[in-house]
Amino acid sequence: MTDERIRAGRTRAAWARIETWLEENAPRTHRRLPAPATEGRLRALEQELDLRIPADVRAFYLMRDGTGPASDFAWPVSHDDPEPTGYLLPDGEGIGPLEHLGQWFEGPVADARLDGRPGLRYLPITTVDPDGFYGTFVDCTPGPGYGLLGGYAEADFPTPGETTFAAYLTVFADALYEGRSLLGQRAGVTDGRLEWS
């Protein structure tokens, strides 16, 4: 079995654990999880941005098109729910829907491509707000960093990381089930919503 297939399997297992925890403990967050993306939409995004999405990220999107409805990741934030549930990761981050990734791709992570390295393909997948100016990207550049997560922020060059999306989701699931902190925060539930503090 290839490394990519192993990571895809780990993503599916970790996300299944996360969804079970949400359903049992944070039902409002669970109810607002979006439907899966399609393979066709993933391929269209890859073609549009000239990159190949790593297998673990692809596996997630084939289960859910982000961590909340698209309205959570657009301005104005949903009038139906003024406190969006899609930002369910520590530090208030959420995994954005595919429809927003192309726009975020032209945001702060584009600085690295425009700085004389046009072959870089950093795909933002999480953000803290609909502008997509701060969050996490997955490296889609062929080579040794392919599939690793990194951080990005407005007015800063993106910072490559050392972990995969599958590994992050596994740690996330463990933190929920074991009551451990993740990035210095612990999970809690308020009015059926998962929150970290």
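**Entry 1: a covered helix**

I started with helix α5, where I found L98, H100, L101, G102, W104 and F105 buried. The model I am looking at is a predicted one. How many of the eight residues of α5 are buried? Six of them are, and I noted the helix, residues 98–105, as mostly covered. I also kept a handy rule beside this entry: an α-helix has 3.6 residues a turn, so residues three or four places apart point the same way.

**Entry 2: stepping back**

Next I looked at the whole chain. I found seven helices and seven strands. Reading along the sequence, I wrote down the pattern α-α-α-α-β-α-α-β-β-β-β-α-β-β. Along the principal axes, the C-alpha trace spans about 50 × 45 × 35 Å.

Then I looked up the radius of gyration. A compact globule of 197 residues would have a value near 16 Å, and this protein has 16 Å, which agrees. I noted that 53% of the 197 residues count as buried. The protein exposes about 9100 Å², and carbon and sulfur atoms supply 52% of that area.

I was curious about contacts too. Of the contacts with a separation of 6 or more, 58% come from residues 24 or more positions apart.

**Entry 3: a hairpin**

I moved on to strands β4 and β5. Which way do they run, parallel or antiparallel? They run antiparallel, and three bridges join β4 (residues 148–153) to β5 (residues 159–164). I picked out one partner pair: G150 is bridged to P160 in β5. Five residues lie between the strands of this hairpin, and in the hairpin A155 takes a positive phi near 70°.

**Entry 4: salt bridges**

A reminder to myself came before this search: side chains of opposite charge can pair when their charged atoms come close. I found 14 salt bridges in the structure.

The pair I opened with was R41 and D65, whose side chains meet in a salt bridge at 2.9 Å, N to O. What does this pair tie together? R41 lies in helix α3 (residues 39–49) and D65 in the loop between α4 (55–61) and β1 (94–95), so the salt bridge links parts that are 24 residues apart in sequence. R41 is partly exposed, at 35% relative accessible area, whereas D65 counts as buried at 9%.

My second pair was R58 and E46, with the closest N and O atoms 3.0 Å apart in their salt bridge. R58 belongs to helix α4 and E46 to helix α3, so this pair ties together parts twelve residues apart in sequence. Are the two partners buried or exposed? R58 is buried, with a relative accessible area of 15%, and E46 is buried as well, with 11%.

**Entry 5: a network**

My last stop was the salt bridge between the side chains of R180 and D174, at 3.8 Å from N to O. Here R180 counts as partly exposed, at 36% relative accessibility. D174 is buried, with a relative accessible area of 18%; I checked this against the cut-off, since buried means under 20%.

Which residues are linked with R180 and D174 in a network of salt bridges? I found R17 and E178 there, so to speak, at the table with them.

Terms used. Residues are numbered from 1 along each chain as its sequence is written. This is a predicted model: local features need pLDDT of at least 70, side-chain atom pairs count only at pLDDT 80 or more; totals for chains, interfaces and linings use all residues. Side-chain values use heavy atoms; hydrogens and water are left out. Two strands pair if DSSP finds at least two bridges between them. Helices (H or I, at least four residues) and strands (E, at least two) are DSSP runs, numbered from the N terminus. A salt bridge is a side-chain nitrogen of Lys or Arg within 4 Å of a carboxyl oxygen of Asp or Glu. Buried means under 20% relative accessible area, exposed over 50%, partly exposed in between (1.4 Å probe, protein chains only). The radius of gyration is taken over C-alpha atoms; the globule rule is 2.2 Å times the number of residues to the power 0.38. Contact means heavy atoms within 4.5 Å. Accessible areas come from the Shrake-Rupley method with a 1.4 Å probe; for residues, only the protein chains shown count as cover.
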